[in-house]
Structures are given as structure tokens and as C-alpha cells.
Amino acid sequence: MKKEALMFDLPDDEILSLSKEHVFYTWSAQAKVNPIVAKRAKGVYFWDINDKRYLDFNSMMMCVNLGHGDERVIQAMQEQVAELPYAAPGMTTRIRALASRSVSEITPQKALSKVLFTLGGADANENAMKLARGYTGRHKILTRYRSYHGATAGAMAATGDPRRVAWEPNLMTGIVHFLDPYRYRSTFHRTNPNIPEKEFTQDYLNHLEEIILYEGPESVAAILMESVTGTNGIIIPPAGYMQGVRALCDKYGIVMIADEVMSGFGRTGKWFAIEHWGVVPDMITMAKGLTSAYAPLGAVAMKPEIAAAFDDTPFESGLTYTSHPVSLAAAVANINAMREDQIVEHTAGLGPVLKRMLTDLGEAHASVGEVRSIGLFGIVELVKDRTTKEPMAPWNQSSPAMAALRKYCLDHGLFLYTHWHTVLIIPPLIITEEQLKEGFEVLDRALEITDKEVKNEHG
Ligand SMILES: Cc1ncc(COP(=O)(O)O)c(C=O)c1O
């Protein structure tokens, strides 16, 4: 008998029924959950218990950046768990010293030299907000409406999208939201959609500055933003926007926090997406690709002056599993493997290839309203009418056509994430052009389903 069977003995065909009895799922109405029973994974593929193979176009949960089953990361974790699986947060370890240096060295200009490790993205954002409040002595945090920052009470308050609304009013106070520079559906430019980029950017910077002034700059601790918006639409900042936000932060003494939980670790063809605009934020929050999900881990990388604000005053926060050595071993091995295989460069090279494939898809299908991408971070926005831009599913809902599209993809071995009226393309960064093509062939056929919903073919 195989060793794994001896340790955890449960026949494949009983996993689902036992799960139905005991598992409580997140983000789900319990009676409606119908999970894939995942068994193993390698490279850009995973398999279920029936040995059905799926091409992973969502890096599981937008996190397996390095791809599945990398032996280097597995071995590093095995060695760490054998030597020292855990150390108290007040201690330090070899792996803690090395991981902190590894992370700080990949921050823009190596400027964010102090690193606080967390358990994931939500508590990275919670801690960044606490640090900004402590550092500035101010309490308000500005975030955008089309954002997701995590599911704990503070991160949920910071989140702009409907996942926050579900929990209101029992969330952290002090958050003010502002609008995103989302050109395809820009509130300010419905009658002027072709406005030059410079003016478009300036309108959104003016909007942000107006809000800062209304709120009172002396009360604003931080602006927290996804460098490239993730699930809320792969919204890529227009030219000059990030630099403009940096300038506003400098003007008013506000801390700039870049949430790179999804956009970091090579996803956009840079270590961190904010590097595309040459901006150095005061803090970066990260998780997901930090370990490529081989173990749970998040982090806040910060400028030394922020850390120095707590030289004499304690930072009153922490969790038992802060800096868990096994997670840190995964992070260091993951970063080393990404360097060794030049994953960031590979992603930058494939970026134009993905863009071309998305553009071709848009030209072939009447239900495609717009496609956007940067690196291997892409989206297809589906509409019923290109002129009115009526989305294929209403705000914060799915639709029969979107559900059928996803089902078609899954039935044909393509695992991807659909969000309302959009389809996200976020594969492991080790993917090849041929594998991208393999997924796009399925998607191309699946879009015939949404094409049938189009009202005005000539829009
Ligand atoms: C941009 C962003 N921030 C924060 C989070 C929260 O991370 P976690 O789920 O690890 O708490 C996510 C998760 O999807 C995210 O996409």
C-alpha cells in the first residue's frame, strides 16, 4: 500500500460525500456548492479524482504564479519542517532573516527595506492600515470602489465592491471610497469617451484631490489601491495616474499603499505592477504569488521611516503564526525559482501574445465589449450590446449565459474565473504560448453561447 494511503485513508469516491457532511465553504450558499474534487497538479494542469485534466487559467485562486508541483519549493518546505517547523513570533530564525531580505530586495529601488509577515492578503492590508495610522497619527483611509482588499473586518471595510456591502454596518470605520479611472465605463466621460489620456487621467486625479480636501487632508492617513485592479476588472491605470497619486500623497503627507496581492510577483511582467509607472509607494502589501500558494503567507514591505515610527512605541499587533518558518521557506524558494527560471521576463514576453489572442477573440465575437491585459493578467468584458455596453450579467450577479459559458469551459477541461459579466485570464506564469492557445480554443467556442445573447450585432 502507498504511504499516503496509510496516513490518510479515504477512498476517492467517498471524498465528496464526507465533504458534504462536514465542510463549511466560504463565499457560498452551502446547499449549492458543487466542488471539483481535486487530486493532483503539475505545471499548468490539475486533475480531479476521475483523472479529468483541467488547464488552470486562474492559477487556482490567482495565486499559483510559479505553477503546480515545483520540486524546489516542495523540498525547501520539507527541509524546513524537518529542522524547525515553528518558532515564536518574538524570535528570529535563519529563514526569517533570509525571507525578509529576499522580499525587500525585489521592492522598487529596494526602498521598502522592512518587512512584516502576515498570514495572507487581508491581514497584510489590515496591518498596513494600522502602520499608516500609527505613523501619521491620522485615521482616514481612502480606497477605491472597484477594489477588493480582503475579508477580515478592516480589509472588508477597505474593499469597495459589493462584498463589503454584504457586511455593513459592522465593519471598521474611517474608510472613504473614490472612483477608479475605468475608461470603458467612465462616469465622467459618457459623452466624451475619446478624451485624450492626459485629460482623462487629470479628471480622475482632480476627483481624488477634491475628496481629500472635503475629508480634510490632516485626517487622511493613507491611500490604499490595487496597482492594477484585479477581480473588479483588470483596470490598468492610465498614463500619469500613479505618478499623480504619488504627488497628491506627497503634497498632503499621506501614506501611499500599493495592494499587490494579486498584481505582484511577476503577474504583470514586473515583480510589482507599480514598477510600470516608476512609482515607489510607501508600503506594498502582498500574498498569493509570494509563495505561489505552496503555503499561506502575506507581507507588508515598508519604507524604513515607517518602521522607525515604532522604534520607541510598540506596534500593538501580531498573530501566533506570524513569520511561520515553513511558509517563509516556500517564499524564499519561490522567489529563487522565479529568478532562476526568469519567470518575470517570460511573463513580460508573453504579455503581447496574450493581448493579441484577446484582441482576436474580441474581433471574432459580437459579445465581447472590451478586452484588457497587462502581462498575464487579462479580462474579457462581455456585453449584450456594444453600443449601450449593457453587461452580459447585471451588477453583482451572474446570468444563465455566463453560467453556461463557465460550464462549457469546465466540461472541456478549462478552469477559469468568471466574475459577473467578465472572464478573467490569470494563468500560472510558466504557461507557454501553445498552452495559452489551447485554452483560447475552448474559450473561443464557449463564446458562441454569449454571442447568442447579443441584441445589436452592428454596435
Ligand atoms: C487585491 C487583493 N487584496 C487582498 C486580497 C485578500 O487576500 P487573502 O485572500 O489572502 O486574504 C485579495 C484576494 O483575492 C486581493 O485580490
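Okay, let's start in a loop: P169 sits in the one between α8, residues 162-165, and β6, residues 175-178. What is the peptide bond from E168 to P169, cis or trans? It's cis, with omega near 10°. And before I go further, keep in mind that this is a predicted model.

While we're on loops, two other residues deserve a look. D51 is in the loop that runs between β2, residues 45-48, and β3, residues 53-56. Its phi is near 65°, so we have a positive value in a residue that isn't glycine. Then there's S323, in the loop between α11, residues 304-308, and α12. Here phi is near 60°, again a positive value, and again the residue is something other than glycine.

S323 brings us to α12, so on to helix packing. Helix α12 covers residues 325-340, and it packs with helix α4, residues 71-83, at an angle of about 150°. Their axes are 8 Å apart. Angles over 145 degrees count as roughly antiparallel, and that's why we call α4 and α12 roughly antiparallel to each other. As for handedness, α4 and α12 make a right-handed crossing.

Now find helix α14, residues 400-411, and helix α15, residues 433-451. Those two pack at about 155°, and there are 9 Å between their axes. So α14 and α15 are roughly antiparallel to each other as well. When α14 passes α15, the crossing is right-handed.

Right, the ligand. Which residues are around it? Going along the chain, you'll meet G120, G121, A122 and N125, then Y148, H149 and G150, then E226, D259, V261, M262 and K288. By type, that shell divides into four nonpolar residues, five polar and three charged. Which helix gives the largest share of the shell? That's helix α6, residues 121-136, with three residues.

Let's zoom in on some atoms. On the backbone side, an N or O atom of A122 lies 2.8 Å from one of the ligand's oxygen atoms. The side chain of D259 has an N or O atom 2.7 Å from a nitrogen atom of the ligand. And for K288, a side-chain N or O atom is 3.1 Å from a ligand oxygen. How much of the ligand's accessible area does the protein cover? On its own the ligand has 390 Å² of it, and the protein covers 80%.

That's my tour. If you open the structure yourself, try going to D259 and looking for that ligand nitrogen 2.7 Å away from its side chain.

Conventions. Residues are numbered from 1 along each chain as its sequence is written. This is a predicted model: local features need pLDDT of at least 70, side-chain atom pairs count only at pLDDT 80 or more; totals for chains, interfaces and linings use all residues. Side-chain values use heavy atoms; hydrogens and water are left out. A residue is near a molecule or strand if one of its heavy atoms lies within 4 Å of it. A polar contact is a pair of N or O atoms within 3.5 Å; within protein, one must be able to donate a hydrogen and the other to accept it, and residues adjacent in sequence count only if both atoms are side-chain atoms. Accessible areas come from the Shrake-Rupley method with a 1.4 Å probe; for residues, only the protein chains shown count as cover. Helices (H or I, at least four residues) and strands (E, at least two) are DSSP runs, numbered from the N terminus. Ala, Val, Leu, Ile, Met, Phe, Trp, Tyr, Cys and Pro count as nonpolar, Asp, Glu, Lys and Arg as charged, and the others, Gly among them, as polar. Axes are lines fitted to C-alpha atoms, for helices over the stretch in contact, and angles run from 0 to 180 degrees between N-to-C directions. Angles under 35 degrees count as roughly parallel, over 145 as roughly antiparallel, 65 to 115 as roughly perpendicular and the rest as oblique. A crossing is left-handed if the near helix is turned anticlockwise from the far one by less than a right angle, and right-handed if clockwise.
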